[in-house]
Structures are given as C-alpha cells and as structure tokens.
Amino acid sequence: MSASREKKARQELNESGYVDPRKAREAEEKAKERRSTRIYTAVIVAFVLLGVVLFASGRIQASSEAKETARIGAESAVTIDGEDFPVNDVAYYYGSIYNTFANSSYSGYDTSVDARDQQYTEGKTWHDYFLETALTYMEDSVAVAHAAEAAGFDGAEQMDSAEQSNLSMVDLYASYSGTTRAQYLTAMFGKYMTEEAFVRCVRRDALASAYQQSYSDGLTYSAADLQAAYDEDPDAYCSVDIEYVSFTTDLSSDATDAEKSAAMEEAKAKAEAVLAAYAEGRSFEESAGDGTYTHLAHADRSVTSDMLTWAFAADRAEGDTTVAEQSSGYVAVLFHSRSRDDYHPVTVRHILVEDEATAEEILADFKAGDATESDFATLASTKSTDSGTASNGGLVSNMRKGAYVQPFEDWSFDPSRQSGDTGIIESEYGFHVMYFVETNELPYWEYKATNTLKNSAVNDWYDAITDGVTAEQLDAIEYVG
C-alpha cells in the first residue's frame with residue numbers, strides 16, 4: 001500500500017473508532033490519574049527557542065533591580081511536607097507547565113493575553129490552572145524526595161546526570177536564542193528564577209524519580225504471577241489479524257439528516273457488496289472497489305469500536321465476516337486469527353527529518369564520531385522533527401507490533417537486527433535515521449504483564465507517600481506567574 005493510501009486508511013480507521021495504538025497510548029497517558037507516572041517521568045522542561053514562546057517576555061531585569069528581585073525570589077511562597085519553598089522554586093514548576101501550553105497550538109491558551117485575565121473554565125483563570133497544576137507536581141516531587149532522603153537513598157548519580165543534561169540543554173537553547181544562561185532561565189521561568197534554584201529543582205525531581213524507579217526495579221514477578229495476570233484479562237495481551245474495507249460518507253458538516261442517512265445507507269450497501277464478492281471467491285482487497293483496504297496483522301484492543309469488539313469476541317472463528325458501523329460510514333471486516341503477543345518487543349532510536357539528503361548527512365556525522373548510542377541520542381534531541389521523541393533522544397522503547405507505520409516496523413523487527421545497527425528509512429512522515437538498541441528478552445505479553453503488575457504496586461506505594469501532602473500557600477505566592 002502506498003504511503004498516501006496508508007494515511008487514508010488510518011484516517012478512516014480513526015473515524016471507525018479505531019485509534020492508532022501509538023496515538024491511543026499517548027492519549028491514555030495524558031488522561032491517566034496524576035499519581036500513576038508523575039514522579040516516574042518527572043517534570044519535563046519544555047526547552048524552546050525564545051523566538052517561539054516567551055514565558056516572561058520583557059522580564060530580564062536591569063542590574064538596579066537585581067537585589068530586590070533576588071530578595072523576592074527567596075521569599076517563602078509555599079510550605080509542603082513541613083518545608084518552606086521560595087518563589088523561584090514554585091516558578092520552576094509553574095514555568096514548566098506554562099511553557100508546555102504556550103508552546104502548543106492546540107492548548108487553547110492565548111500567549112498574547114495575561115494568564116490572570118484569561119478564562120480557563122468557569123470561575124478559573126489560566127493562571128489558576130497553571131498554579132494549581134504546578135503545585136500538584138511540586139507536592140508529589142517534594143513528598144517522594146523527602147521519603148528518599150528519610151530512607152537514606154543515594155540518588156547522587158541520577159541527580160548529577162540530570163543537572164548536567166538540563167544545564168547543557170539550557171546552554172544549547174540559550175545559544176540558539178542569542179542569550180546567556182541566566183537570561184534564558186528568567187525568560188523561561190520568570191524574573192525570579194536563578195541558576196541555583198533551577199538546579200535545586202532539577203535535582204529534587206531527579207531524586208524523586210530515581211527513588212521511584214529504584215522501587216519499581218526491585219519488584220519481581222514469577223511465571224505464575226504473569227500467567228495469573230494474563231488469565232485475568234487475556235485480550236489485553238493478544239492481537240487480532242483482520243482485513244477490512246472502509247467506506248466513508250465524506251459529507252460536509254452542513255449536510256442535512258436526509259443526506260447523511262442516504263450516504264450511510266450507500267456506504268453500508270458497498271460494505272455488504274464486499275462480503276458478497278468475498279463469498280463468491282474474490283479476496284477482500286480485490287473487492288474493495290472505491291473503499292479503502294487495510295490489513296492489520298497485529299491489531300490490539302486499544303479502544304472500543306464495533307469492529308474491534310466483534311473481532312475480539314471469544315467465539316470468533318477464522319473466516320468470519322461482518323459489516324460494522326463507523327461514525328461516518330461502514331466497514332466490511334474479515335477475521336483471520338487471534339493470538340497472544342509472543343514476539344519480543346524491540347527498542348530503537350530515530351531522528352525524523354524532511355528529506356533524504358539531511359538524513360544522510362546526519363548519519364554520516366554520527367558515523368564520523370564515536371558512534372555511541374549516547375551520541376545518537378544527542379543528535380536526536382537537536383535534529384529530530386518528531387516532537388514526541390526528540391526530547392528523549394529519539395527513543396522508542398519496547399515497541400509492539402502494529403503500533404507504527406510499516407517501514408518503521410519492518411526495519412526495527414528485522415530478525416537480523418543487532419545492537420548498534422543504523423540505517424535510513426522513508427515513511428509518510430519523512431525520513432528516519434535509525435539506531436537499533438536492543439531486543440527485549442521477554443515476549444511482549446510478559447513484558448506488558450510485568451508492567452501492569454508493577455504499575456499497580458508502584459501506584460500503591462506512591463499513594464502511601466503522597467496522600468495528604470498538600471501545599472500551604474504563603475503571601476509570596478502572589479509573585480509566581
């Protein structure tokens with residue numbers, strides 16, 4: 001299938017209720033309860049070019065104001081878990097949240113209007129939302145960091161690494177923006193931010209994250225434990241192999257009810273015609289007509305849709321067919337098989353760029369150096385146009401089959417692939433410079449079951465530490481934001 005047809009197929013899948021597993025997981029992660037991964041992932045500072053978004057435009061202070069600014073920045077703004085924290089610490093979390101929304105064209109936040117004068121929901125301004133969210137992150141970070149200190153946990157290595165990498169990123173983006181480190185920090189986090197406060201917060205988050213990771217890493221599960229998790233919900237660890245042909249109505253938003261009804265009936269008739277042709281011996285692909293044919297060999301239970309609900313039914317048998325309704329049409333479906341995800345997931349890094357020449361140049365530069373995974377991650381963080389992975393060095397960890405575009409999967413799951421392999425592939429998104437990291441020793445279903453059990457245990461552990469820890473706002477909170 002061509003790239004454009006693949007794209008159309010996915011668009012129609014979305015309309016039918018099916019969601020690309022990668023996007024489904026991203027959406028699911030955003031909607032999760034805050035306690036599930038808050039400290040595990042820590043607060044990710046959205047480093048940006050100052051020409052793109054300015055948190056504190058015009059707030060770089062003249063030297064005559066520096067003393068007063070330092071005094072206010074050091075004033076206590078909140079008390080959390082028995083410890084007072086200054087304005088500039090709260091500003092770190094506030095700025096991190098602010099920049100995430102201000103740098104997104106989909107957030108609905110208008111950077112040209114002061115957050116205090118802009119309604120978020122009824123009775124709440126965007127400033128209220130930013131501060132509330134920032135304090136929630138801060139409460140959790142402080143609580144877990146305090147627990148780590150009380151337990152005598154040594155997170156020095158992780159804290160040193162986080163400090164170094166964050167300051168390196170600050171310096172990199174400051175150089176891009178034509179500013180100094182200090183100017184960049186105040187532009188990102190407000191005039192009260194200092195390098196000392198920035199480092200203090202980065203190290204606190206790193207300690208909390210490392211402590212949670214240490215607890216998670218210490219959890220082990222037997223084969224019986226994993227089997228019990230599988231038996232409790234087998235569909236969660238299985239995929240189905242299906243073919244389908246989608247027919248969409250393609251009506252404008254102002255179509256009448258009568259027009260919509262007629263178009264839906266036409267789409268249904270076309271889907272039924274596919275089944276009739278299949279019954280006469282033609283393949284689904286040959287019977288597609290003006291519909292969009294797709295074959296999913298590893299469709300997981302990402303979301304609820306009529307098509308997938310039907311495919312995952314316990315009594316489904318090879319060769320079963322149906323016509324399922326979707327939001328804007330119908331789909332003819334052919335079921336082949338349902339199987340446990342026994343393949344081994346893989347981890348890769350990639351750098352997404354627009355053209356092949358750029359991809360070849362990046363790969364050549366990489367090979368001209370030490371060609372380590374760390375070197376590749378650094379390149380990805382500065383060169384990749386994939387906003388979803390660039391901040392993490394282009395890392396795509398423990399891929400499941402069926403979650404990514406075919407060229408990406410074909411390269412990644414090539415059985416001959418070895419750690420350190422590199423290459424360039426093309427997908428509908430552009431050109432990917434690839435780096436193969438490793439193959440997981442666990443089958444995907446065991447890896448997923450292990451994570452499910454760990455997440456439940458970590459959440460319980462996390463709740464026990466963070467429940468009841470709240471921020472008491474002090475007078476100086478007015479200087480935040």
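## Arginine 71 and helix α4

In this predicted model, arginine 71 has a relative accessibility of 41% and therefore counts as partly exposed, since that class lies between the 20% limit for buried and the 50% limit for exposed residues. Arginine 71 belongs to helix α4, which covers residues 66-73. Its C-alpha atom lies 8.9 Å from that of tyrosine 192, although 121 residues separate arginine 71 and tyrosine 192 in sequence.

## The β1-β2 hairpin and strand β13

Strand β1 (residues 76-80) pairs with strand β2 (residues 83-86) in the antiparallel sense, and four bridges connect β1 and β2. One of the bridge partnerships joins isoleucine 80 to glutamate 83 in β2. The two strands β1 and β2 make a hairpin with two residues between them, and aspartate 81 in the turn adopts a positive phi of about 55°.

A contact that is remote in sequence involves threonine 79: its C-alpha atom is 5.6 Å from that of alanine 471, with the two positions 392 residues apart along the chain. Alanine 471 is part of strand β13 (residues 471-473). With a relative accessible area of 18%, alanine 471 is buried, because the class requires a value under 20%.

## Helix α6

Helix α6 comprises 25 residues, 126-150, and its expected span at 1.5 Å a residue is 36 Å. The C-alpha atoms at the two ends of α6 are 36 Å apart, in agreement with that expectation. Most of the helix is covered, as 20 of the 25 residues of α6 are buried. Just after α6, glycine 152 has a positive phi of about 70°.

## Aromatic pairs

The structure contains 33 aromatic pairs. One of them joins tyrosine 92 and phenylalanine 189, whose ring centres are 5.6 Å apart; the planes meet at 20°, so the pair is stacked. This pair bridges distant parts of the chain, with tyrosine 92 in helix α5 (residues 87-102) and phenylalanine 189 in helix α8 (residues 181-189), 97 residues apart. Both residues fall in the buried class: tyrosine 92 has a relative accessible area of 1%, and phenylalanine 189 has a relative accessibility of 2%.

Another pair, tryptophan 126 with tyrosine 129, is edge-to-face, with 5.9 Å from centre to centre and 85° between the planes. Tryptophan 126 and tyrosine 129 are both in helix α6, three residues apart, which is about one turn of the helix. Tryptophan 126 is buried at 5% relative accessible area, and tyrosine 129 is likewise counted as buried at 16%. Tryptophan 126 and tyrosine 129 also belong to a cluster linked by ring pairs, whose members include Tyr94, Tyr98, Phe101, Tyr109, Tyr120 and Phe130.

## Charges over rings

Two arrangements place a charged side-chain end over a tyrosine ring. The charged end of arginine 400 lies over the ring of tyrosine 444, at 5.9 Å from the ring centre. Lysine 448 has its charged end over the ring of tyrosine 237, 5.9 Å from the centre of that ring.

## The four-stranded sheet

An open sheet is formed by four strands in the order β6-β5-β8-β7, with antiparallel pairing. Strands β6 (292-299) and β7 (321-326) occupy the edges; each has a single partner strand, so one side of each lacks a neighbour in the sheet. On average, neighbouring strands of this sheet are turned by 25° against each other, direction ignored.

Within the sheet, strand β5 (residues 238-248) and strand β8 (residues 329-340) are joined in the antiparallel sense by eleven bridges. Strands of a sheet pair through backbone hydrogen bonds. Among the facing positions, glutamate 243 is opposite leucine 334 in β8.

## Cysteines and disulfides

How many disulfides does the model contain? A disulfide requires two cysteine sulfur atoms within 2.5 Å, and by this rule the count is zero. Two cysteines can be described by their burial: cysteine 201 is buried with a relative accessible area of 0%, while cysteine 238 counts as buried at 1% relative accessibility.

Technical notes
Residues numbered from 1 in each chain as written. Predicted model: local features only at pLDDT ≥ 70, side-chain atom pairs only at ≥ 80, totals over all residues. Heavy atoms only, no water. Buried < 20%, exposed > 50% of the residue type's maximum accessible area, 1.4 Å probe, protein only. Expected span 1.5 Å × (residues − 1). Phe/Tyr/Trp six-rings, centres within 6.5 Å; stacked < 30°, edge-to-face > 60°. Lys NZ or Arg CZ within 6 Å of the ring centre and 35° of its normal. Pairing = 2+ DSSP bridges. Axes fitted to C-alpha atoms, helices over the stretch in contact; angles between N-to-C directions.
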